[in-house]
Amino acid sequence: MGRKLLIDKVNVPGIETYDVYRKEGGYRSVEKALKTMTPDEVVEEVKKSGLRGRGGAGFPTGMKWSFLAKPEGIPRYLVCNADESEPGTFKDRYLMEKIPHFLVEGMITSSYALGANTSYIYIRGEYMWVLHILEKAIAEAYANGFLGKNILGTGYNLDLHVTCGAGAYICGEETALLESLEGKRGNPRMKPPFPAVKGLWQSPTVVNNVETIAAVVPIVNDGGEEYAKIGIGKSTGTKLISACGNINKPGVYEIELGIPVEEFLYSDEYCGGIKNGKKLKACVPGGSSVPIIPHFLVCKTAKGEDRLMSYESLSDGGFATGSMLGSGGFIVYDEDQCVVRNTWNFARFYRHESCGQCSPCREGTGWMEKVLYKIETGHGQMEDIDLLWDIQRRIEGNTICPLGDAAAWPVAAAIRHFREEFEWHIKNPQLAQTKNYGLVAEKVFEMAQ
Amino acid sequence: MDIKANFKNKVSESGSFSNNNGVDVKLAYIDNVPYEIKPGETILSFIRRNFGQELVPTLCDAPNLEPFGSCRVCSVDVALQQNGSVKTQASCHTPVMENSYIYPSSDRIQKLRKNIIELVLTDHPLDCLTCEVNNNCELQEVAAKVGIRDVRYPEGKNHLDRTKDLSHPYMTSDMSKCINCFRCVRACDEVQGQFVLSMAGRGFDSHIVKGSEVTFNESDCVSCGACAQACPTSAISDIFESKSIAKAETTRTICTYCGVGCNLEVATVNGKVKSIQAPFDADVNKGHTCLKGRFAFSFYNHPERLRTPLIRKNGELLPATWDEAYTYIANELTRIKNDFGPDYIGGISSARCTNEENYLMQKFIRKTIGTNNIDSCARVCHSPTALGMQRVFGTGAATNSVIDLQYTNCIMVIGANPTDAHPVTGAKLKQFAMKGPSIVIDPRRTEMAKYATYHLQLKPGTNVAMMNMLLYYIISEGLEDKEFISSRTEGYDDFKKQILANDIDELSKITGVDKELARKAAIAYASAGNAMSFHGLGVTEHSQGTYTVMLIADLAMITGNIGRRGVGVNPLRGQNNVQGAADMGCQPHQGAGYYDVTNPEYHKMYEAFYDTKLPMYVGLKIPQMYDAALDNKLKALWLMGEDNVQTDPNTNHVKAALGKLDLLVVQEIFMTETAMLAHVVLPAASFLEKSGTFTNGERRIQRVNQVVQPIEGTKPDGQIIIDIMNKMGANEPDYDAETVLKEISQIVPFFAGVKWNELGDQGKQWPVLADGSDTEILHIDTFKRGLGKFHNADWKESQELVINKKEFPYIITTNRELEHYNCGTMTRRTNNAKILTEDTLMINPADASKHSIIEGDMVCVESARGKIDVKAHITDEVLPGILSSTFHFPDMHMNDITSSVADSEALCPEYKVVAVNIRKSKGKYKGEKVVA
């Protein structure tokens with residue numbers, strides 16, 4: 001059994017209420033930080049913990065916090081990104097729904113560390129019931145003196161607000177989130193300036209994922225060094241993984257970073273193996289944006305080493321043979337699933353969610369979807385595969401925000417690893433409507449730039 | 001080869017580079033060749049500075065907009081070392097990094113650009129041959145440049161069937177041509193600040209909307225046309241097809257409407273004006289104008305233009321030849337001069353005409369006639385500004401320039417409505433107010449007031465009390481700039497004593513402005529570091545106009561806000577050349593260059609310069625001319641381009657005076673209310689048909705260049721004046737701007753270095769020294785008069801209210817609307833009249849309900865002079881007891897009710913305070929317009 005730092009108490013009855021949460025040791029990190037530590041000491045602990053952003057990019061949190069500009073007389077903000085919209089990712093919802101005070105506690109401790117007196121949780125509009133859960137938890141925290149003026153008599157003030165989005169995936173991008181939070185259309189901003197310098201209301205701002213902020217609670221409670229003992233290499237601590245697809249036990253799991261993918265996929269403690277005894281065809285290990293990897297690269301790297309559930313191991317081999325840990329949206333496909341159809345489905349999502357600001361993404365996501373649809377419905381031509389490759393190449397890295405990359409990568413990886421299946425679709429348009437291609441051969445393709 | 005050796009500057013021992021002046025420079029490499037980086041540069045500006053516009057194509061970038069980074073066509077490869085691994089970056093918004101290697105046209109990049117344009121073209125009609133902007137389309141140009149030959153994508157869903165929007169009198173849109181570059185949205189936000197256009201939908205469904213998805217006509221669009229000019233295709237354009245290359249040639253000239261002095265680029269086809277655009281390189285307006293400047297030009301060849309001289313015979317104005325008209329006038333003027341003396345003749349010049357024409361007008365009156373009875377319409381707008389600022393500073397002109405808005409920390413707008421009356425400067429002020437602290441002092445909640453940090457909504461006619469409140473708080477809070485006061489000013493001790501003697505509660509009661517609000521505003525202005533004030537006719541057109549101007553100047557001096565960037569006292573001049581008309585000497589007390597006509601030394605100088613005898617006493621101001629006419633002391637009056645009957649207060653009084661004259665000559669482009677009373681009407685040429693110079697509100701002398709030939713039968717005003725001078729014995733050469741400007745530069749000291757050929761596109765700000773250098777900021781080290789002089793003034797209620805307020809308890813003030821200019825002679829003859837069709841009376845809901853008036857009711861407004869009917873617009877922009885109305889349409893006769901009360905010092909009429917009573921009108925509006 002791996003250690004659980006975030007969700008070990010989710011099954012305690014009434015844990016969503018302040019009283020039970022407090023009785024179970026909740027809000028200790030706030031007491032410890034506010035009463036015994038300076039804000040810089042909290043930042044230092046986070047740095048020591050090696051915590052990396054849990055939203056997908058995996059940027060070291062302590063470093064992000066230390067970039068925060070601190071000009072005289074200008075307020076600073078902490079914004080929690082709870083706009084969890086990546087297909088295959090539902091871990092933040094689980095945390096907020098089950099144990100909302102954990103996030104509130106994390107927000108207070110983190111806000112203190114950053115010197116923010118106003119903080120926001122920006123939650124996706126589709127999570128309206130979770131918003132109400134959070135609002136209730138926040139009201140309880142106010143009532144018990146953990147929010148508002150002069151918290152715990154320390155002189156520290158904090159107001160915490162929950163704001164909801166209106167159904168746009170793009171608002172999970174931090175600068176688009178800030179625009180939306182300011183009441184504007186959620187278009188990403190150009191960087192620089194980065195939010196750490198000019199974020200919300202043109203003031204220095206840190207935007208962190210729900211899980212990242214929650215992880216600050218055990219870090220402060222037990223110390224950064226203790227936290228860093230869990231995990232492997234630069235992947236420290238625990239991570240929430242939302243597992244779905246053709247597995248026996250879909251759900252949210254808290255794992256110690258560094259456990260083998262094989263263990264995660266097949267052990268009864270986690271996914272419990274492929275459903276109905278089928279064979280594994282492919283896996284998207286970090287949410288819809290990360291490259292899909294074929295069965296033979298899931299549990300082993302190209303070098304033949306065990307692939308681990310860690311930032312480094314999952315991206316081992318780069319995009320040629322690896323993928324990413326991303327947000328921890330672990331999607332598993334069995335041998336009966338069609339990669340063309342799946343890629344089209346993802347492309348349709350990104351076409352729908354592109355904000356439309358940058359021309360490569362606005363037009364390109366639309367065309368990827370159209371061309372994939374053509375192939376999927378049996379009207380594809382061989383040159384369409386090259387066209388698809390060409391479009392995704394023009395999108396990747398050529399947009400203001402990473403949505404372009406997120407839209408390009410799944411298409412690129414699908415062609416890279418499953419080109420045969422695409423060609424089979426085009427050559428057998430009738431057959432492809434009723435039958436699936438099955439597993440691809442174990443070979444790695446060299447692709448043009 | 002050592003690439004650094006290529007760089008012509010030297011490498012210092014430390015390894016850093018220094019240029020030829022020994023200053024360390026930062027380098028970056030373009031295709032492996034080093035170039036110097038300027039601070040704050042983006043990669044794009046860095047490349048363009050060294051290679052010109054051509055090397056890197058762009059679509060979403062525009063010269064007057066902030067970088068946006070959305071089209072990605074400007075992408076370049078950037079490496080940290082020579083031929084190292086590259087990252088593609090959008091050059092338009094990425095700052096150029098020291099020692100980076102930039103590859104603007106690598107194969108990868110060229111392919112990227114081609115692919116992006118290919119994607120864009122999949123949703124753009126390929127009907128270039130029939131497109132308005134064919135050959136002048138940025139998309140077309142970029143597509144050609146990147147070498148698109150075909151589009152590989154199959155036919156798919158697109159937006160080519162979007163309907164056109166032709167609802168607006170000027171603006172048009174065809175969104176099937178839209179490439180989602182956001183340029184129009186940004187122009188609307190960043191240039192005009194109107195926020196009408198925005199992007200709706202997302203991804204492939206993104207589309208530009210006006211307001212809440214309405215048409216141009218239904219939206220809040222102010223028709224400035226910035227979006228149309230910004231649009232790289234023809235998705236947004238105008239009815240004149242301004243972006244079409246059908247324009248054979250373009251002429252750069254200056255707008256004739258307000259005192260902002262926007263540069264215009266006028267396109268002509270076959271000798272006719274086709275369209276007007278705003279040049280991006282103009283210092284004054286940087287690619288922006290309002291709908292008057294850009295669209296309201298079609299008056300110039302309107303069928304109603306006067307095309308022949310008219311002489312009144314048997315009570316009727318009948319066509320005559322120029323020679324008949326000149327002979328008639330010359331005979332009459334000679335007769336009156338001989339029978340009564342030259343002082344029985346007067347002239348009123350026009351701030352709408354050029355400097356050269358104004359100069360000639362006063363020369364004609366002074367030299368040929370021999371009287372100082374010369375005045376101009378500056379009398380009825382900014383004469384108190386000129387006089388008040390002269391008394392305090394020594395110079396009656398704006399101390400700073402509009403560009404100083406970039407350097408200021410606080411603005412104060414007093415009695416001005418710049419977003420309507422000076423739209424281009426107004427947009428800049430609005431942009432400032434949205435970001436920085438601003439104070440607006442105005443009885444109306446104007447658009448500026450809505451954005452202001454502090455809106456001091458005072459009662460009309462209490463400006464002096466308001467200024468005293470601000471001065472009181474600055475002194476009592478100890479915020480005065482003691483250093484500046486002691487070194488640069490005089491008279492402060494007395495001034496301070498009198499200011500502190502004010503009863504602040506009493507002042508608060510008079511103005512109706514809360515003390516605390518006034519205190520906060522005073523502190524904001526005084527502690528800003530750099531604060532600028534702007535004022536307009538809400539300051540000057542009062543019985544205490546000159547005093548208010550002096551107190552505004554006092555405010556600047558007491559806080560040390562004079563003589564550097566981002567500060568000063570900046571009157572927003574109403575007419576295009578109101579500054580110039582006064583500079584040229586169209587004033588009864590001062591000749592060209594502001595020399596006192598009663599000073600023996602200057603008198604001698606003028607006599608010598610004009611080689612004639614001149615009177616050594618002050619002539620008549622405009623209101624005095626009317627009185628003199630009624631008194632039989634004035635027999636002839638020459639009006640150049642002014643409709644006094646409609647625009648001067650107390651119409652019946654003006655009409656009676658003009659009716660008494662033996663000779664009334666009117667130079668006009670249309671048959672105005674005044675011209676109808678004339679004995680001789682002379683058809684003049686409009687600003688598009690002549691050359692000369694206008695001086696804008698920031699003292700900028702700019703070249704007006706003839707765009708088209710004068711309409712047949714008309715002559716430039718300057719030529720008409722010269723003709724009559726020659727008819728009366730002078731020997732002047734034909735009107736030529738350069739010749740007259742040369743003469744002006746010999747007598748007006750601050751024009752000393754002004755030369756026609758050296759004014760260039762941007763003009764020069766006077767004083768222009770003999771060596772040709774000009775002046776952006778006045779009073780840097782010392783005031784024109786030496787030390788700045790503090791002047792006190794106590795508030796006095798206007799006689800109009802003292803006498804009439806019992807019987808007429810409401811106060812009506814006058815205001816302007818964006819669409820029309822003054823009495824609308826020109827703008828009413830353009831499509832502007834379709835946008836704003838009539839005058840309206842603003843009335844507070846409380847007052848309206850008291851009189852059972854509902855929106856659109858006709859209201860009878862009655863003063864001691866007369867009554868008018870006007871349509872009610874119920875709004876809380878005015879406070880209870882206060883009314884406001886425009887007077888753009890002649891049918892409305894606003895000036896039937898205004899009074900003859902005028903500024904005690906400069907005789908500027910008090911249009912802004914009239915005691916009236918109101919009732920719901922029983923009769924029908926006499927001039928009711930049919931609204932389509």
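Trainee: Let's start with one residue: is B:Glu877 buried or exposed?
Mentor: Keep in mind that we're looking at a predicted model. The relative accessible area of B:Glu877 is 18%, and the buried class covers anything under 20%. So this residue counts as buried.

Trainee: Which residue forms a salt bridge with B:Glu877?
Mentor: Look for a Lys or Arg nitrogen within 4 Å of the carboxyl oxygen. In this pair the closest N and O atoms are 3.5 Å apart. The partner of B:Glu877 is B:Lys450.

Trainee: How many residues apart in sequence are the parts that B:Lys450 and B:Glu877 tie together?
Mentor: B:Lys450 sits in helix H13 (residues 447-451) of chain B, while B:Glu877 is in the loop between E36 and strand E37 (882-885) of that chain. B:Lys450 is partly exposed, at 46% relative accessibility. Given where the two residues lie, their salt bridge ties together parts whose separation in sequence is 427 residues.

Trainee: In what order do the six strands of the chain B barrel close?
Mentor: The pairing in this barrel is mixed, and the twist from one strand to the next averages 45°. Going around chain B, the order is E33-E37-E34-E36-E35-E38.

Trainee: Do E34 and E36 of chain B pair in the parallel or the antiparallel sense, and what is the bridge partner of B:Leu841 in E36(B)?
Mentor: Strand E34 spans residues 840-843 and strand E36 residues 867-874, both in chain B. Four bridges link them in the parallel sense. Across in E36(B), B:Leu841 has as its bridge partner B:Ala872.

Trainee: Which are the edge strands of the open sheet in chain B?
Mentor: Seven strands make up this sheet, in the order E17-E16-E28-E27-E26-E18-E19, with mixed pairing. An edge strand pairs on one side only, and that fits strand E17 (316-319) and strand E19 (374-376) of chain B. The twist here averages 20° from one strand to the next. The edge strands, then, are E17 and E19.

Trainee: What is the bridge partner of B:Gln667 in E28(B)?
Mentor: Strand E27 (residues 663-668) and strand E28 (residues 680-683) of chain B pair in the parallel sense over four bridges. In E28(B), the residue bridged to B:Gln667 is B:Leu682.

Trainee: What separates the C-alpha atoms of B:Ala531 and B:Ile411?
Mentor: B:Ala531 belongs to strand E24 (residues 531-535) of chain B. Its relative accessible area is 0%, so B:Ala531 is buried. Although B:Ile411 is 120 residues away along the chain, the C-alpha separation is 5.7 Å.

Trainee: Over to chain A: which residue forms a salt bridge with A:Glu421?
Mentor: The closest N and O atoms of the pair are 3.0 Å apart. A:Glu421 is in helix H17 (residues 403-427) of chain A and its partner in strand E10 (residues 280-284) of chain A, so the contact ties together parts 140 residues apart in sequence. Both A:Glu421 and A:Lys281 are buried. The partner is A:Lys281.

Trainee: And which residue forms a salt bridge with A:Glu353?
Mentor: This pair crosses between chains, from helix H14 (residues 339-353) of chain A to the loop between strand E10 (197-200) and strand E11 (207-210) of chain B. A:Glu353 is buried at 7% relative accessibility, whereas its partner is partly exposed at 22%. The closest N and O atoms are 2.9 Å apart, and the partner is B:Arg202.

Trainee: Why is strand E9 of chain A largely enclosed by the rest of the structure, and what is the bridge partner of A:Lys239 in E9(A)?
Mentor: Five of the six residues of strand E9 (residues 251-256) are buried, so the rest of the structure largely encloses this strand. Strand E8 (residues 238-245) of chain A runs antiparallel to E9(A), with six bridges, and a hairpin of five residues joins the two. A:Lys239 is also linked in a salt-bridge network with A:Arg54, A:Lys91, A:Asp92 and A:Glu211. In E9(A), its bridge partner is A:Ile255.

Trainee: About how much accessible area do A:Phe59, A:Met63 and A:Phe67 have together?
Mentor: A:Phe59 is in the loop between helix H3 (39-49) and helix H4 (61-66) of chain A. At 38% relative accessibility, A:Phe59 counts as partly exposed. With A:Met63 and A:Phe67, A:Phe59 forms a nonpolar surface patch with a combined accessible area of about 300 Å².

Key:
Residues numbered from 1 in each chain as written. Chains lettered and ligands numbered in written order. Predicted model: local features only at pLDDT ≥ 70, side-chain atom pairs only at ≥ 80, totals over all residues. Heavy atoms only, no water. Pairing = 2+ DSSP bridges. Axes fitted to C-alpha atoms, helices over the stretch in contact; angles between N-to-C directions. Patch = residues over 30% accessible without salt bridge, like charges linked within 9 Å, V, L, I, M, F, W, Y side chains within 5 Å. Areas by Shrake-Rupley, 256 points an atom, 1.4 Å probe, with all protein chains shown as cover. Salt bridge = Lys/Arg side-chain N within 4 Å of Asp/Glu carboxyl O. Buried < 20%, exposed > 50% of the residue type's maximum accessible area, 1.4 Å probe, protein only.
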